[in-house]
Amino acid sequence: MPGIPPRTRAVLLSLGALRSRTATAWADADDPGAWSIATAARGVFDVTWSDGLVFGAADRGGLLLYDPVTGSLTPFTTADGLGSNRTQCVETSPDGEVWVGTKDTGITRIFPDRSARYLTALPDQLDVRALAFAGANAW
């Protein structure tokens with residue numbers, strides 16, 4: 001993962017690989033014996049980097065925001081404006097917005113100030129499994 005510091009890489013690998021039926025666990029790269037439970041997610045499907053934070057799409061757990069400077073891991077859920085906690089993919093737009101694809105409500109855009117906007121979709125467009133940008137165009 002070029003451009004992502006080693007400690008952050010270790011946390012992301014832990015987020016993606018260490019799963020249980022009820023929680024995603026992660027370990028501090030500086031102290032592998034120190035485990036923390038972050039969310040009721042079953043796994044982290046996708047990650048992106050924006051404004052110094054790592055955003056992880058955590059199935060049934062919304063998003064996880066990891067700050068490599070402080071080491072904090074914060075959930076971002078429907079209570080914060082996310083369209084659904086069943087997130088499947090996440091991507092950063094060229095202007096720094098974080099776009100989140102969900103299993104059942106389409107796409108949510110998260111702005112740099114952490115406000116969120118749900119984008120309405122047709123019923124056959126609610127299950128979003130991948131996002132990509134070509135310039136200012138989202139696909």
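Is Lys103 buried, partly exposed or exposed, and at what relative accessibility? Keep that in mind; the second exercise answers it, along with other things to look for in the structure above.

**Before you start**

This is a predicted model, in which local features need pLDDT of at least 70 and side-chain atom pairs count only at pLDDT 80 or more, while totals for chains, interfaces and linings use all residues. Residues are numbered from 1 along each chain as its sequence is written, and side-chain values use heavy atoms, with hydrogens and water left out.

**Exercise 1. Describe the overall make-up of the protein.**

Step 1. Start with the elements: the protein has one helix and twelve strands. Helices (H or I, at least four residues) and strands (E, at least two) are DSSP runs, numbered from the N terminus. The helix comes ahead of the strands when you read from the N terminus.

Step 2. Turn to burial, where buried means under 20% relative accessible area, exposed over 50%, and partly exposed in between (1.4 Å probe, protein chains only). Of the 139 residues, 42% count as buried.

Step 3. Finish with contacts, meaning heavy atoms within 4.5 Å. Among those between residues at least 6 apart in sequence, 36% join residues at least 24 apart.

**Exercise 2. Find the salt bridges and say which parts they link.**

Step 1. Set the rule: a salt bridge is a side-chain nitrogen of Lys or Arg within 4 Å of a carboxyl oxygen of Asp or Glu. Side chains of opposite charge can pair when their charged atoms come close. Searching the whole structure gives three salt bridges.

Step 2. Take Asp127 and Lys103, whose side chains meet at 3.4 Å, N to O. This pair links distant parts of the chain, 24 residues apart: Asp127 is in the loop between β10 (116-119) and β11 (133-134), and Lys103 is in the loop between β8 and β9.

Step 3. Now the opening question: Lys103 counts as partly exposed, at 30% relative accessibility. Asp127 is partly exposed too, at 33%.

Step 4. Add Arg129, which forms a salt bridge with Asp127 (3.0 Å, N to O). Arg129 is exposed, with a relative accessible area of 59%. Through shared partners, Lys103, Asp127 and Arg129 join into one network.

Step 5. Look at Arg109 and Glu97, which meet at 2.9 Å, N to O. Arg109 lies in strand β9 (residues 107-110) and Glu97 in the loop between β7 and β8, so this pair ties together parts that are twelve residues apart in sequence. Arg109 is buried at 16% relative accessibility, and Glu97 is buried at 9%.

**Exercise 3. Work out the surroundings of Glu97.**

Step 1. List its contacts, leaving aside neighbours within four places in sequence: they are Glu91, Thr92, Arg109, Ile110, Phe111 and Pro112.

Step 2. Pick out Pro112: it is 15 residues from Glu97 in sequence, yet the two C-alpha atoms are 6.0 Å apart in space.

Step 3. Check for a polar contact, which is a pair of N or O atoms within 3.5 Å; within protein, one must be able to donate a hydrogen and the other to accept it, and residues adjacent in sequence count only if both atoms are side-chain atoms. The side chains of Glu97 and Trp99 make one at 3.2 Å.

**Exercise 4. Trace the strand pairing and the nonpolar core.**

Step 1. Two strands pair if DSSP finds at least two bridges between them. An open sheet of four antiparallel strands runs in the order β3-β4-β5-β6. At its edges are β3 (44-50) and β6 (73-76), each pairing on one side only.

Step 2. Move to β7 (residues 87-92), where five of the six residues are buried. Five bridges join β7 to the antiparallel strand β8 (residues 98-102), and Val90 stands opposite Val100 in β8.

Step 3. Collect the core, a set of buried Ala, Val, Leu, Ile, Met, Phe, Trp, Tyr and Cys residues joined through side-chain atoms within 4.5 Å. The largest nonpolar core has eleven residues, among them Leu63, Phe76, Val90 and Val100. Strand β4 (53-58), β5 and β8 each give two or more residues to this core, and β4 gives the most, with three.

Step 4. Link the parts: Leu63 stands opposite Phe76 in β6, and the contacts of Val100 include Leu63, Leu82 and Val90.
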